[in-house]
Amino acid sequence: MNVWETAKAHRPLLIAGITLGLLGAVASLAQPLLIGELIGAVAKDSPLFWPIASIVALFCADAVLAAAHAYAIGRAGENIVFDMRRTLVGRLLRADMAAFGRLDHGDVFTRVVTDTSIARVSLSQSLAQIVTSGFMVVGGIAAMAWIDWPLLLLSLGCLGAASVVSLLLARRVRQASLVNREDTSSFGSGVQRVMGGMSTVKTSRAEAREDARITALAGRARRSGIRVSAISAMLTPAMNVGTQVCLAAVVGWGMSRVATGAMELSALTAFVMYLFYLVAPLVMLFLAIGEFQQGRAAIDRVTELSHLEQEEAVAPPPAELLPGPAVRFDGVTFGYAPPPAAPVVEDVSFSVPPHGLTAIVGPSGAGKTTLFQLLERLHRPGEGSVHLRGVDIATMPLDQVRGLIGYVEQESALIRGTVRENLTYADPDADDGAIAHVVRLAGLTDVLAGLPQGLDTPLGERGAGLSGGQRQRLAIARTLLQRPQVILLDEATAHLDSEAEAALRDTIATVSQECAVIAIAHRLSTVVDADRIIVLEAGRVRATGTHHELLDSDELYRRIASRQLLTEGAAR
Ligand SMILES: Nc1ncnc2c1ncn2[C@@H]1O[C@H](COP(=O)(O)OP(=O)(O)OP(=O)(O)O)[C@@H](O)[C@H]1O
């Protein structure tokens, strides 16, 4: 997204608003003229009705135009900010996972919420102010040129010098604003960090340290904010000094010319009145330029975020699925960091038939979760390919890939909302019959019956209100509702007690008759009945077979099995 292009899409409303502002400026410019006429009429004892009526009409027109101008500009600004936010959110949601992983989430939040607001002011109000004040300035200069151009040249000399200083200051305001936006954003990230891990902060007794760290970040934002204010504060005085010097020079030189008869006193009076008349719009003009420059810093940050790398530029047409294995890994190598860093998964090949339970076991950090993420195309393999129902997932639309797979993650992600909203997250149109079915399969019927509002019970952040095991079973029910062809269970039984685990094992057995289930489990007791077990070690497939085959053939599996099954046996 280019923010300027976004603003251009709203040009008609912006131009309408600016035109209304310009008409308002004409109405203001005409007021002194009409007041002059009224004074003339009083002096000549002429009828006063029409001069007074015209002045009242002009005041009313001025007020209506000012209101319409503010409304049109405000509306255009809101439209622009809406478009920016819509585009940013769309790009964030479709971001490439590796690029997304590098983002600072607090900074992203500041850019999407605060920077877009600042950009809105810049692209609507400041821009309109620049045009209308610029018009007033040009109008004033034209009138002064008509009265006396030598005096105008003198005025432009003084005001020009002040303007150059103001423009330089406006540029520095922009640079300082950019620093301040970054500092404010770091502060936001600091706050978000503790919000995301409040219980860790408290149990680690880190309140005082976090307080000091975040206060230091707030202090940095304060210092750079003060710098912006300091430079902005010099803008108006710079113009004031310029106009004062200008006034003194115009009056001094003008009076000497009046004294020699080279200029009429009335012309000098009119010129000085216009000079006064010029100053307010000129100051507004430079303030608006300063504000616009501040906004450009925000615009740059919004534009930068909008260039976030996307997961799928253009979705290919859905692929024709083929009979045969549900999943096939073909010489897959992948690393989170580019080479020469060692890959996390290396030359992995295996197939999973369309039905049955396949378990992946291996030491912590062996790359089990990474395999699931490659299958969901959250990352792309460096070498080799991943096939789903006979098709390379790199050639399939993402929507099709993820529609075929149901993924129950290690930390099952529940969202703030009701139990029903959580259940139907991947399939919002699911009917009550289908919901009741998956609730039963996941062993949640009694749990839901015990909740005050059943399916409509609201849950807090990350599913607060349910136990860890209940949260996990809810995530499993959600996945089942999607009727996927492949179900991925990552440590899905970690939070379950032995009774619930046995119930779930039955569920998995039933489900695996209809589709392929691939489970990562540290608790071997849950996968001893698996149709096949893949043993992964340091990113490589070390052995494949059933529980009994592996007990005979693989040393690592035997070690894991004897340690775990013995411990669990002792625990029971
Ligand atoms: N987003 C990431 N960026 C960089 N490295 C990562 C990332 N995710 C995982 N890794 C690294 O990749 C390796 C494999 O991680 P993975 O989560 O796949 O292992 P795992 O076998 O599922 O482990 P566990 O059983 O402990 O969950 C680990 O060394 C881990 O540090």
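Which helix gives the most to the shell around the ligand? In this predicted model, that's helix α10, residues 368–375, which puts in three residues.

The full cast around the ligand runs as follows: Gly101, Tyr336, Val344, Gly362, Ser364, Gly365, Ala366, Gly367, Lys368, Thr369 and Thr370. Sort that shell by class and you get seven polar residues, three nonpolar and one charged.

Now for a helix pair. Helix α13 (residues 432–441) and helix α15 (residues 468–481) have axes that come within 9 Å and cross at roughly 135 degrees. That angle is why α13 counts as oblique to α15. As for handedness, the crossing of α13 and α15 is right-handed. On the α13 side, the contact uses Ala434, Ile435, Val438, Val439 and Leu441, while α15 brings Ala477, Leu480 and Leu481. The chemistry of this contact between α13 and α15 is easy to sum up: eight nonpolar residues, with no polar and no charged ones.

Finally, the membrane annotation. An unreviewed UniProt entry lists residues 48–74, 127–147, 153–170, 230–255 and 267–289 under "transmembrane region". Here's how two of those listed spans look in the model:

| Span | Helix | Strand | Distance between end C-alpha atoms |
|---|---|---|---|
| Residues 153–170 | 100% helix | 0% strand | 25 Å |
| Residues 230–255 | 100% helix | 0% strand | 38 Å |

So what does the chain do over residues 230–255? The chain there is 100% helix, with its end C-alpha atoms 38 Å apart. Residues 153–170 are likewise 100% helix, and their end C-alpha atoms lie 25 Å apart.

How values were computed. Residues numbered from 1 in each chain as written. Predicted model: local features only at pLDDT ≥ 70, side-chain atom pairs only at ≥ 80, totals over all residues. Near = placed C-beta within 6 Å. Helix = DSSP H or I, 4+ residues; strand = E, 2+ residues; numbered from the N terminus. Nonpolar A, V, L, I, M, F, W, Y, C, P; charged D, E, K, R; others polar. Axes fitted to C-alpha atoms, helices over the stretch in contact; angles between N-to-C directions. Parallel < 35°, antiparallel > 145°, perpendicular 65-115°, else oblique. Left-handed = near helix turned anticlockwise from the far one by under 90°. Contact = placed C-beta atoms within 7 Å. UniProt positions renumbered as here; feature names shortened; annotations may be inferred.
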